[in-house]
Amino acid sequence: MSVACMAATAYSPAGRAQDVYAGVIVPGVKQSDGRAGNVSNAVEDHLHVQGYVKEPSHKIPVVASVDVIVVGGGPAGVAAAVSAARQGASTMLVEKTSYLGGLWTGGLVLPVLATHGKGKSGEWTKATGGICVELCDKLLKEGWAFNPDSPRVDPEATKYLLDKTVYDAGVRVVYNAVAAGVTMSGNRVESILLDCNTGRIAVKCKMAVDASGDGCLFNWTGDPYEARRYHISTSYLLGGCKGKKIGGKTPVDDMRFSTIGTRAHEDGLDVFRVSELQQKHRLDLWDRIETLRRKPETKDVYLMEVAPTTGVRVTRVLNSLHNVTLAESMEWTTYDDVIGMSGACDPFDYKGRRVEKKDRPVWQIPYRSILPQQTANLLVCGRCFGYDQGITWDAREISTCMVTGQAAGTAAALSAAYRCAPRDIDVKILQNKLVKEKVRLAF
Ligand SMILES: Cc1cc2nc3c(=O)[nH]c(=O)nc-3n(C[C@H](O)[C@H](O)[C@H](O)COP(=O)(O)OP(=O)(O)OC[C@H]3O[C@@H](n4cnc5c(N)ncnc54)[C@H](O)[C@@H]3O)c2cc1C
């Protein structure tokens, strides 16, 4: 494997697994190309296909109709659903697990990063506002998080707060339902197909938001995207750590968190490989903890929880109407259609020199980066919105995911209300709504 294909996960003193490389585009996989309109078949690209069987055609019962359906209840999906509902749209949030927060809670990824960056006048400034700050402030106020600049949270308290926030906003949450496909009417998503224990059901929607992290919806709609690889790891919580220098601190006194993982870039869409890694991480971790427990100074440390969600960082990334580039993020680029900002996460090399985190600018996110090229009533947010590989570090962080989520949900609700496609709404109205909700738009 070439150096370009390797990634190192170094555990920093602050307790954060630092990503040393920003992922690679899957070699040998035909990248979906909007201009040619030839989206590759996702299964063949990721798995060895031995042949085909035919599924008998059947009618699928429609069980609900909503203004906005959001697929995926991670940080981006929660922000999208809450924003849409607060704007008055009937909103359904579909989540395949039985809790909200995605990698933030189920992946035990506790620090909320990329909230700040260098402001135009040189000072360290807040990039994030809106729902992200609202949630973080509540967690900090209750003692369920610490470190205001990059809040590190208690995952169970966060699950509680997310449930309460979507409930208060009037979002209808559907847990244990896997979005399994879409039906289209021309270039519009007509319904989302959900697999649950009763069988396959359909929910009709005016607008759909892809917050699945893996770009499930834009894969099915045939919108162009890029398949990327990144390293995969599993986080875990340790108990009995009071007074011990072990793992990263959490808001719970004797609880610490840490991560185990490979350094190679992996295909997060290869279900067999991800399962293999998941199993390997659990087995290796058990040995690691047993070794710790054999030492007198750490004999009371125990494995409290292994993240139920494996840490797949990046898979499909949308080829949007405009993917934000590394240069744009470093050069104070402004967009007429700005819908939020990202902070800086890590230092990196740019134009042959090292740029420290403190010198990395906050950067704007244009509305076009959450809009797919083809499908009229689809918005995309979270770690699969449109950004270049070079800014993967910032673009997939929890705060940036919530910023794109809030914009996607607000735009979806506006589009449903005005009965127009998201790309046709007056972006000034969208921006005014976002500013009213305390989203930051200017450096
Ligand atoms: C090991 C690791 C360490 C990280 N460290 C940090 C860090 O320190 N700080 C930071 O800010 N970020 C960190 N990140 C990144 C961050 O956690 C994620 O990028 C972020 O959570 C992405 O949010 P999201 O909402 O886009 O997607 P996710 O958090 O992945 O949520 C997607 C949700 O969609 C659901 N879903 C997916 N497909 C379907 C479907 N078909 N039907 C129904 N539901 C579906 C999933 O179950 C999940 O709940 C880390 C990531 C990893 C893996």
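Buried area is the accessible area that two parts lose on being put together, summed over both. In this predicted model, that quantity describes how two domains of the protein chain meet. Domain 1 is made of two segments, 62-228 and 317-436. Domain 2 covers 231-312. The C-alpha centres of the two domains lie 27 Å apart.

The area buried between domain 1 and domain 2 is about 1300 Å². Carbon and sulfur atoms give 65% of this area. Three residues stand out on the domain 1 side. L103, L108 and R152 supply 34% of the area that domain 1 buries against domain 2. No other three residues supply as much. In terms of contacts, 17 residues of domain 1 touch 19 residues of domain 2.

Polar and charged pairings across the interface were also counted. Four residue pairs are in polar contact between the domains. The number of salt bridges between domain 1 and domain 2 is zero. Two strands contribute to the side of domain 1 that touches domain 2: β8 (145-146) and β9 (152-153) each supply at least two residues. By class, this side of domain 1 holds ten nonpolar residues. Three polar and four charged residues complete the set.

The ligand forms a further site of contact. It is surrounded by 32 residues. The closest are E95, L103, P111, R396 and E397. L103 thus appears in both settings: among the closest residues to the ligand, and among the three named contributors to the area that domain 1 buries against domain 2.

Backbone atoms also approach oxygen atoms of the ligand. For I398, a polar backbone atom is 2.9 Å from a ligand oxygen. For L113, the corresponding distance is 3.0 Å. A backbone N or O atom of P75 lies 3.3 Å from an oxygen atom of the ligand.

Terms used. Residues are numbered from 1 along each chain as its sequence is written. This is a predicted model: local features need pLDDT of at least 70, side-chain atom pairs count only at pLDDT 80 or more; totals for chains, interfaces and linings use all residues. Side-chain values use heavy atoms; hydrogens and water are left out. Domain bounds come from an automatic or database domain assignment. Contact means heavy atoms within 4.5 Å. Buried area is the accessible area (1.4 Å probe) that two parts lose on being put together, summed over both. A salt bridge is a side-chain nitrogen of Lys or Arg within 4 Å of a carboxyl oxygen of Asp or Glu. A polar contact is a pair of N or O atoms within 3.5 Å; within protein, one must be able to donate a hydrogen and the other to accept it, and residues adjacent in sequence count only if both atoms are side-chain atoms. Helices (H or I, at least four residues) and strands (E, at least two) are DSSP runs, numbered from the N terminus. Ala, Val, Leu, Ile, Met, Phe, Trp, Tyr, Cys and Pro count as nonpolar, Asp, Glu, Lys and Arg as charged, and the others, Gly among them, as polar. A residue is near a molecule or strand if one of its heavy atoms lies within 4 Å of it.
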